[in-house]
Amino acid sequence: MKTIIVKSQEEGGKVAGDIIIDYMSSKSNAILGLATGSTPISTYRYLIKKTKEENIDWSNITTFNLDEYMGLGPDHSKSYRYFMNEELFDHVNINKSNTFVPDGHTKTQSDAEKYDDLIQSKGGIDLQVLGLGVNGHIGFNEPGTSFESITSIVDLTNETIEANSRFFKNKDEVPKKAISMGLKSIMNAKKILLMAYGKSKAEAIKNLVNTKPTTDWPCTILQNHADVTLIIDEEAASEL
Ligand code: F6R
């Protein structure tokens with residue numbers, strides 16, 4: 001695991017953005033795995049800026065997002081599809097039909113699993129972007145999730161609902177379930193970039209790096225992956 005410590009979220013966005021751009025220039029039809037939440041916003045802003053400055057071509061890029069809230073459709077302003085359109089897709093020349101976000105109206109587990117089939121049918125994820133939950137979740141794979149999990153409908157923990165209530169009017173509005181790529185789905189990516197900023201992520205980062213892989217800290221599974229880069233600020237690194 002390679003660790004890059006940055007001074008700020010803005011610098012992290014630039015470091016991660018440059019890695020993504022380099023990947024895209026070596027493979028114009030790259031398949032990117034993407035995350036939502038606060039963490040990747042600086043990366044997406046940097047990607048948009050560089051795309052405008054350097055005419056970066058997204059027309060052959062395919063993306064798969066990690067997760068979506070159950071019950072929220074693409075037009076809901078708090079849905080992750082809406083977030084991705086606003087924060088990235090509307091600002092680059094990506095073909096929206098090549099951008100995939102799990103469907104928040106998926107009814108059954110066998111339908112959820114079709115997302116993994118779709119990823120595989122496109123050739124698998126080349127570069128996966130991850131944020132990190134304060135409880136060590138990646139995607140919405142909460143503590144206790146099997147390392148063998150594939151895309152599933154999952155329950156969010158109270159901690160995650162609390163943490164994400166900042167995006168909603170209040171805690172009651174936060175969906176209690178999500179559909180998320182599983183830990184195995186994430187581990188199938190060829191290359192992984194995980195970003196974490198701020199003191200609240202320090203304990204999860206400490207466990208990610210130092211604790212023997214355990215489902216108590218889902219992020220520890222990344223120790224078993226051959227190509228992981230952590231981009232973290234000094235606060236997130238403070239317990240290492
Ligand atoms: C988002 C996702 C989550 C977030 C994590 C951190 O698609 O899968 O794992 O990356 O909850 O969220 P932020 O970045 O808002 O602190």
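**View 1. The ligand in its pocket.** In this predicted model, the ligand sits in the largest pocket. It is surrounded by 14 residues, of which Thr39, Asp67, His137, Gly139 and Lys201 are the closest. Sorted by class, the shell around the ligand is made up of 8 polar, 3 nonpolar and 3 charged residues.

**View 2. Polar contacts to oxygen atoms of the ligand.** A polar side-chain atom of His137 lies 2.7 Å from an oxygen atom of the ligand, and a polar side-chain atom of Thr36 lies 2.8 Å from an oxygen atom of the ligand. Gly139 contributes through its backbone, with a polar atom there placed 2.7 Å from an oxygen atom of the ligand. The ligand taken alone would expose 410 Å², and the protein buries 94% of that area.

**View 3. Residues annotated as active site.** The unreviewed UniProt entry lists Asp67, Asn135, His137 and Glu142 under "active site", and of these residues Asp67 and His137 are included in the lining of the largest pocket. Asp67 belongs to strand 4, which covers residues 67-69, and both Asp67 and His137 are also among the residues closest to the ligand.

**View 4. The annotated domain.** According to the unreviewed UniProt entry, residues 23-227 are covered by the annotation "domain: Glucosamine/galactosamine-6-phosphate isomerase". Over residues 23-227 the chain is 29% helix and 15% strand, while the C-alpha atoms at the two ends of this stretch are 14 Å apart.

Note on methods
Residues numbered from 1 in each chain as written. Predicted model: local features only at pLDDT ≥ 70, side-chain atom pairs only at ≥ 80, totals over all residues. Heavy atoms only, no water. Near = heavy atom within 4 Å. Polar contact = N/O pair within 3.5 Å; in protein donor to acceptor, adjacent residues only side chain to side chain. Areas by Shrake-Rupley, 256 points an atom, 1.4 Å probe, with all protein chains shown as cover. 1 Å grid on protein atoms, 1.4 Å probe; cavity = no way out; pocket = protein on both sides within 12 Å on 5 of 7 lines; lining within 4 Å. Sits in = over half its atoms within 2 Å of the grid points. Nonpolar A, V, L, I, M, F, W, Y, C, P; charged D, E, K, R; others polar. UniProt positions renumbered as here; feature names shortened; annotations may be inferred. Helix = DSSP H or I, 4+ residues; strand = E, 2+ residues; numbered from the N terminus.
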